[in-house]
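Here is a short briefing on ring contacts, burial and helix geometry. Please read it alongside the sequence and the model.

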Amino acid sequence: TPKFCRSWLAHPTQKPPMRFGGLLVLAVSTCPWSFTWPLPRGRSQPALQAIAEPRAPRLGTENVKMLRKKENRGLQSAAGALWLLTGCMLMARGGRYFWQALQNGNTTGRAVSLALALGLCGGLAKGRFVLSKTALRNKRRLQRLENARPWQVFAPGFYPLIILMMGTSVALKKVFGSGFGGGMVTYGGIVTGIGTGLVVSSLTYWFENFGSDDKDNNV
């Protein structure tokens, strides 16, 4: 009877033979060890529960890195969009200063064309060789972040620099507005150059090799 109790408890779905039905009921009701009979060897209760319950899929290290990279890629696009938008606004403002200078009769078309050409050329060079390095450092910083937040789109030290640049722009506008150094035509060329540099350097956030040289690629 104990042998049959053991086999039946290990396989409760198996129907006992009819001829042993009464004997089985008597054995189960009288044998206290039948209720605490050990499970088959190698099958503990936690192991059986682990087999019965479905396991949640675990994310490997590569999957976690891919998810983190996708999250940080959104911040990279946001930073590039801010640089691009700011550059376009500055270029539009520089064009407005050129137009105002022509309307007021304070300059000639040749002077405006010269200031515009110098501003575009200087902005292209500055954006490609100077500002693109800054954008590349910020991009790599975003790639290294874990659980990035929207306010981390730029480094904390970058915001005081923005305030300083805005104050410098206001001061230069007052200086050139008084007619110093060619007046608003010169200031329009400066603003146009800064905007062009921001537009060019914003491409660093979307193109992998833009703004990096061979030394940066080997790092």
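A charge sits over a ring if NZ of Lys or CZ of Arg is within 6 Å of the ring centre and within 35 degrees of the ring normal. Arginine 128 fits: its charged end sits over the ring of phenylalanine 129, 5.5 Å from the centre.

This is a predicted model: local features need pLDDT of at least 70, side-chain atom pairs count only at pLDDT 80 or more, and totals for chains, interfaces and linings use all residues. Residues are numbered from 1 along each chain as its sequence is written, and side-chain values use heavy atoms, without hydrogens or water.

**Aromatic pairs**
- The structure holds 7 aromatic pairs (rings of Phe, Tyr and Trp, the last by its six-membered ring, with centres within 6.5 Å; planes under 30 degrees apart are stacked, over 60 edge-to-face, the rest tilted).
- Tryptophan 83 and phenylalanine 158 are stacked, at 6.3 Å centre to centre and 15 degrees between planes.
- That pair joins helix 4 (residues 61-104) to helix 6 (residues 158-177), across 75 residues.
- Tryptophan 83 and tyrosine 205 are edge-to-face, because their planes stand at 65 degrees, with centres 5.9 Å apart.
- Here helix 4 meets the loop between helix 7 and helix 8 (214-217), with the partners 122 residues apart.
- Ring pairs link Trp83, Phe154, Phe158, Tyr159 and Tyr205 into a cluster.

**Burial**
- Tryptophan 83 has 6% relative accessibility, so it counts as buried (under 20% relative accessible area; exposed is over 50%, partly exposed in between; 1.4 Å probe, protein chains only).
- Tyrosine 205 is buried too.
- In helix 7, 13 of 18 residues are buried.

Terms used: Helix = DSSP H or I, 4+ residues; strand = E, 2+ residues; numbered from the N terminus.
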